[in-house]
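Q: Before we begin, may I ask how one reads the backbone, the buried interior and the enclosed spaces of a protein model?
A: Let us take these features one at a time, with the model in view.

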Amino acid sequence: MPIVDGSVTRAGDRVRIITRLVRFPGEQAVFTKTYERAAAEVLSLQSELAMSIANEIGASIRPDDEIRLAATARPVDSLLHADYLKGRFLTNEPTRESLEKGIAILDRVVQRDPLHAAAHSATAEAWFNMASVYLPPAQAMPNAKAAARRAIELDPRSDAARAVLGRIHLFYDWDWPAADAQIQKAIDLNPNSSEAYRSLACLRMASGQRAAGLEAIKRSVQLSPRSLWANFFSAILHNFSGQHGEAIVHAKSALEWEPDFGFIRSSLGVGYVESNRIPEGIRELEAAVKSLRVPTTLGFLAIGYARAGRTSDAERIIGELVEMAEKQYVCPFEVGAAFAALGRNDEAFHWMNKGLADRADCMIYLRLEPWLNGLHGDPRYEALVRSVGFTDRR
């Protein structure tokens, strides 16, 4: 599988880009080329790079692709563009500090250039990533939705903005048709959008179309093999489907280049535990919490302890989550899922109902997480499923 990597060097008002087309895995270079331009021409240079690489590998360029590339080929304020790239990078990091810094930088970009559609789209992604992990969805998701809609208003051809708006409709609005429409539009605009296929995978899996969901996340990873978020969702969705071997492969691959990405390490730990490789699983789940101590990684650790029969350890972590919830936002679904893994269904439903009230994003996984199977058949579970809009979606 060919992927592109390289380096960018800036000296004054000049930018030099060295690109390599690499066959992955194995990292065998297919070709290497150097480009140098004025910093203000960086967007047109991106278009030239895309066309050059496509020609090198014999790929055909669709008319829609030519239009999209041409639309980006315009002079830019190089300092503003550098801020945009920095903000976009930070908003793909998992820590609250990085996300907040990224949002602040992107806010400055749109203050200086209110018509910067890509910055609005990146801002939407950042607020989406803040929701549930660090902030109540009702606080973060409306900001994400407003930014995504502004990006689409400025650039109706923005596949990135439509992909994130589709995820907002799915994870927060629980508006399945609206999510489907935006995600499909994103793919129509850019069939090579890893983010759009990641969104489609979540939608299809939550809708009960597991084969289609796994095919979509496979495509997402193929399009961006080094995307940490694509690999995380690949691992977690394979775990939900009982394909723990595949989950382990994807998680281990991603951790080779980013060993401190706690969410992926959690998914690796879950894969091991669900494969009955308990010591390895617990070790990875504990390492995940050590690298990123957030309710999500703590919740997975509690579930791992519960599945391993370590009840007192699971209860200790749940107690920490409950105590944490008194001081900061903790996604109620994380706590409810941990109680469900222990078989304490009354407490599980108490927290799940809080998640319903919060519109917690993980509520769409009600029918996927195997540790929730003990809730199935209970009228309270069926009420939750209906409230999230799952009726007739299998």
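Q: Where is Trp-174 found?
A: The model shown is a predicted one. In it, Trp-174 sits in the loop between H7 and helix H8 (176-189).

Q: What is to be read from the phi of Trp-174?
A: Most residues other than glycine have a negative phi. The phi of Trp-174, however, is positive, near 55°.

Q: Is Trp-174 buried or exposed?
A: Trp-174 counts as buried because its relative accessibility is 8%, and the cut-off for buried is under 20%.

Q: Which value of phi does Arg-359 have, and where is its place?
A: Arg-359, which is not a glycine, has a positive phi of about 55°. Its place is in the loop between helix H18 (345-358) and helix H19 (379-387). With a relative accessibility of 28%, Arg-359 counts as partly exposed.

Q: Where does Ser-132 lie, and with which residues is it in contact?
A: Ser-132 belongs to the loop between H5 and helix H6 (137-154). Its relative accessible area is 5%, so Ser-132 is buried. Once its neighbours within four places in sequence are set aside, the contacts of Ser-132 are Pro-137, Tyr-329, Cys-331, Ala-360 and Asp-361.

Q: How should one read a residue within a helix, such as Ile-103?
A: One may take its element, its burial and its contacts in turn. Ile-103 is part of helix H4 (residues 96-112). It is buried, because its relative accessible area is 6%. Apart from neighbours within four places in sequence, Ile-103 is in contact with Thr-91, Ala-126, Trp-127 and Met-130. Along the chain, Ile-103 and Arg-88 are 15 residues apart, and 8.5 Å separates their C-alpha atoms.

Q: Which residues touch the most other members of the largest nonpolar core?
A: This core has 111 residues, and those touching the most other members are Phe-333, Met-363, Tyr-365, Leu-366, Trp-371 and Leu-372. Leu-372 may serve as an example: with residues up to four places away in sequence not counted, it touches Phe-333, Ala-337, Ala-340, Met-352, Tyr-365 and Leu-366. Another core, of seven residues, lies apart from the one containing Leu-372; its members include Val-109, Val-110, Ala-119 and Ala-122.

Q: How is empty space found, and how many cavities of 30 Å³ or more are there?
A: Rolling a probe the size of a water molecule over the atoms reveals where empty space is left. In this model the count of cavities of 30 Å³ or more is two. The largest cavity holds about 490 Å³ of space. It is lined by 31 residues, of which Val-133, Phe-232, Phe-233, Asp-361 and Cys-362 are the closest to its centre.

Q: What supplies the lining of the largest cavity?
A: At least two residues each come from helix H5 (117-130), helix H7 (159-173), helix H11 (228-240), helix H15 (295-307) and helix H17 (332-341). H11 gives the most, with five residues. By class, the lining residues are 20 nonpolar, four polar and seven charged.

Q: Which residues line the second largest cavity?
A: They are Val-270, Val-273, Glu-274, Leu-285, Ile-303, Gly-304, Arg-307 and Trp-371. This cavity has a volume of about 30 Å³. Helix H13 (262-274) and H15 each contribute at least two residues to its lining, which divides into five nonpolar, one polar and two charged residues.

Definitions and conventions
Residues are numbered from 1 along each chain as its sequence is written. This is a predicted model: local features need pLDDT of at least 70, side-chain atom pairs count only at pLDDT 80 or more; totals for chains, interfaces and linings use all residues. Side-chain values use heavy atoms; hydrogens and water are left out. A nonpolar core is a set of buried Ala, Val, Leu, Ile, Met, Phe, Trp, Tyr and Cys residues joined through side-chain atoms within 4.5 Å. Buried means under 20% relative accessible area, exposed over 50%, partly exposed in between (1.4 Å probe, protein chains only). Contact means heavy atoms within 4.5 Å. Helices (H or I, at least four residues) and strands (E, at least two) are DSSP runs, numbered from the N terminus. On a 1 Å grid over the protein atoms alone, a cavity is a set of points where a 1.4 Å probe fits but cannot get out, and a pocket is an open set with protein on both sides within 12 Å along at least five of seven lines; lining residues have an atom within 4 Å of a point. Grid points are joined across faces, edges and corners, and a volume is the space filled by probe spheres set on the points. Ala, Val, Leu, Ile, Met, Phe, Trp, Tyr, Cys and Pro count as nonpolar, Asp, Glu, Lys and Arg as charged, and the others, Gly among them, as polar.
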